[in-house]
Amino acid sequence: MAAPAKNLVNLESVTKVHGTRTLLDGLSLGVSEGDRIGVVGRNGDGKTTLIRVLTGLEEADAGRVVHAGGLRVDVLTQHDSLDPAATVRQEIIGDRADHEWAGDARIRDVLTGLFGGLDLPGFADGLDTVIGPLSGGERRRIALARLLIAEQDLLVLDEPTNHLDVEGIDWLARHLGSRRSALVCVTHDRWFLDTVCTRIWDVQRGTVHGYDGGYSDYVFARAERERIAATEESKRQNLMRKELAWLRRGAPARTSKPRFRVEAANALIADVPAPRDGAELMRFANARLGKTVFDLEDVTVRAGEKTLLTDLTWQLGPGDRIGLVGVNGAGKTSLLRALADAAERQTAGAEDGTAPRGVVSGTVRVGRTVRLAYLSQEVAELDPTWRVLQAVERVRGRVDLGKGREMTAGQLCEQFGFGNEKQWTPVGDLSGGERRRLQILRLLMDEPNVLFLDEPTNDLDIETLTQLEDVLDGWPGSLVVISHDRYFVERTTDRVFALLGDGRLRMLPRGVDEYLERRAAVRSAEGERIAAAPAAERERPATSPSQLSREAQKEQQRIERQLDKLGDRETRLHESMAEHSTDFARVAELDAELREVVERREELETRWLELAEGA
């Protein structure tokens, strides 16, 4: 018989008050060895306060918090404590010698997973980059890396997926799944909760409700509890039933760990329709938009000196619901900005013949009936003295949501978490998440028929996300979503397109899973190219010199000489790496040099082919 798990932290009758609000009210709970707990709840209900009290960063006003003797605990807070004068190496690696940290599999895994390589390719000076000038997202990844390379009994993470892309979140989920330490994690990423956590704490009005399983199990169990207790108003109960219906109809992985009466959950959704009636929404979208929304032909998009998309031919039709994923810097936001600029020019009646923002060639056609609303990553600045309801009513007093659904500004405010009292709060007093909600509200109130949402889930809690998804379910129009929240992408869109950094836009029939598989294949192929014989890599189709201009012939000959030299250098680097295989510091240096050689070789090969094709 297995020994019971050791208790690591216990909260006994803990109360915590901020101002006039009681955030924790006589709370008793604990964390044991092996626990993987996800903490959810509305913004402002006390999630961060709970973990700060749990870890001893804040004192409880009443009750007591007991830690096991010798407990090793690390916390990732929303505000890092990094020294701005220090380097990345000093904060992550510390005083470890190069051969020591380069030989540590965990450190190598963390640096590769969070930064893309041991030499930190996204940082100007690699590990020796000074922290002061870095962005908030870069600093947060450094703080997370510092925690993950250490050993703990308990790891507590507050919004660890912030500033990570889809690949980074996938890596973090797998990494945490392989660790032995207990985990308490505050996050709004529902896919992450389902993948990593085996228990959910739902923080509500000073109390915590515990549920076994991940996010799917939590939704099922909460819906069942609310059905039996009948303590929630019918609107919220119906919304939870709709979310439950979506989960039960979704991928089998979402329902792989139920720990309650599945029969009761199935009874809850017996009469719940599919989240969206696609055929009906498509008919209504056609009536509002006509046949053309956005039509791109041979479009090339550039940001500064960098070409992001080349010869793109793509069509966004009426009623299309598209998820857009891709590597950072591949051009997702630039593409939306170009389309938004084209729509704005048409609305303004501009006929100056200039191309939309970032478009250097090709044609962008915009439907005459397009009314675009674009939610950017920046929160729009509003008059801080306006009240919430006033800010919404300045756009419109009532909104048509399609299918005969109409709401007043006040009703839509309430659906998005702005109750009667909150509707009279000055905009200047709102939190970042509340401002984000207000920004989305104002967009929807303008009755657009095309929506571009760039990272709409930033700063939104799970309950607000489900409410936004509920509104979008019945919204008739064309929708493009950029998001690192794969649950939101899968929930609100019907097709996924990807930008993999090669200038092309690809449709992925199997969605985000296929995107991750393709990215893994790209990384694997790159590794194989580095290990392959350089002579085979340099094979190129023959082109008759008579077909080329004299200038092109000369440039090709210069390139071929450079390629021969790079091939020799690549061979010597491979030999050196084999010779110094036990010297991890030296291998890391050689690997960085090899990457530069391979990158330069690929640039030259691309130029050689351009000359041949242009003959």
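Is Asp341 buried or exposed? In this predicted model, Asp341 is buried, with a relative accessible area of 16%, because anything under 20% counts as buried. Asp341 belongs to helix 12, and so does Arg345, four residues further apart along the chain, or about one turn of the helix. The two side chains meet in a salt bridge, with N and O 2.9 Å apart. Arg345 is a little different in its setting: this residue is partly exposed, at a relative accessible area of 23%.Helix 12 covers residues 332-348. With 17 residues at 1.5 Å a residue, helix 12 should span 24 Å, and its end C-alpha atoms are 25 Å apart, so the two values agree. Its buried residues are Lys332, Thr333, Leu335, Leu336, Ala338, Leu339, Ala340, Asp341, Ala342 and Ala343. Just past the end of the helix comes Gly349, with a positive phi of about 75 degrees.

What does helix 12 lie across? The answer is a set of strands: strand 12, strand 14, strand 17 (450-454), strand 18 (478-482) and strand 19. Relative to strand 14, the helix runs at about 150 degrees. These strands belong to an open sheet of six, in the order 14-17-18-12-19-20, with mixed pairing. Strand 14 (372-375) and strand 20 (505-508) each have a single partner strand, so one side of each is left without a neighbour in the sheet. On average, neighbouring strands here are turned by 20 degrees against each other, direction ignored. Inside the sheet, strand 12 (residues 321-326) and strand 19 (residues 495-499) run parallel and are joined by five bridges. Across that pairing, Leu324 stands opposite Phe497.

There is another open sheet, built from six strands in the order 5-6-7-3-8-9, and its pairing is mixed too. Its edges are strand 5 (73-76) and strand 9 (207-212), each of which pairs on one side only. Neighbouring strands in this sheet are turned by 15 degrees against each other on average, with direction ignored. Strands in a sheet pair through backbone hydrogen bonds, either parallel or antiparallel. At one edge, strand 5 runs parallel to strand 6 (residues 154-158), and four bridges join the two. One of the paired positions puts Val75 together with Val156 in strand 6.

Strand 3 (residues 36-41) also sits in this sheet, with strand 7 on one side and strand 8 on the other. Four bridges tie strand 3 to strand 7 (residues 182-186), and the two run parallel. In that pairing Ile37 stands opposite Val184. Strand 8 (residues 199-204) likewise runs parallel to strand 3, through five bridges, and there Gly38 has Ile200 as its bridge partner. How many residues of strand 3 are buried? Six of its six residues are, so the strand counts as mostly covered. Arg36, Gly38 and Val40 point one way from the strand, whereas Ile37, Val39 and Gly41 point the other way, and all are buried.

Salt bridges turn up in many places: a search of the whole structure finds 30 of them. One of these pairs Asp45 with Arg21, with the closest N and O atoms 3.9 Å apart. This pair links distant parts of the chain, 24 residues apart: Asp45 is in the loop between strand 3 and helix 1 (47-55), and Arg21 is in strand 2 (residues 21-32). Asp45 is buried, at a relative accessible area of 13%, while Arg21 is partly exposed, at 45%.

A salt bridge with a wider reach along the chain joins Asp153 and Arg72, whose residues are 81 apart, and here N and O are 3.2 Å apart. Asp153 lies in the loop between helix 5 (136-148) and strand 6, and Arg72 in the loop between strand 4 (62-67) and strand 5. Both ends of this bridge are partly exposed, with relative accessibility at 24% for Asp153 and 42% for Arg72.

Notes: Residues numbered from 1 in each chain as written. Predicted model: local features only at pLDDT ≥ 70, side-chain atom pairs only at ≥ 80, totals over all residues. Heavy atoms only, no water. Pairing = 2+ DSSP bridges. Axes fitted to C-alpha atoms, helices over the stretch in contact; angles between N-to-C directions. Buried < 20%, exposed > 50% of the residue type's maximum accessible area, 1.4 Å probe, protein only. Contact = heavy atoms within 4.5 Å. Expected span 1.5 Å × (residues − 1). Salt bridge = Lys/Arg side-chain N within 4 Å of Asp/Glu carboxyl O.
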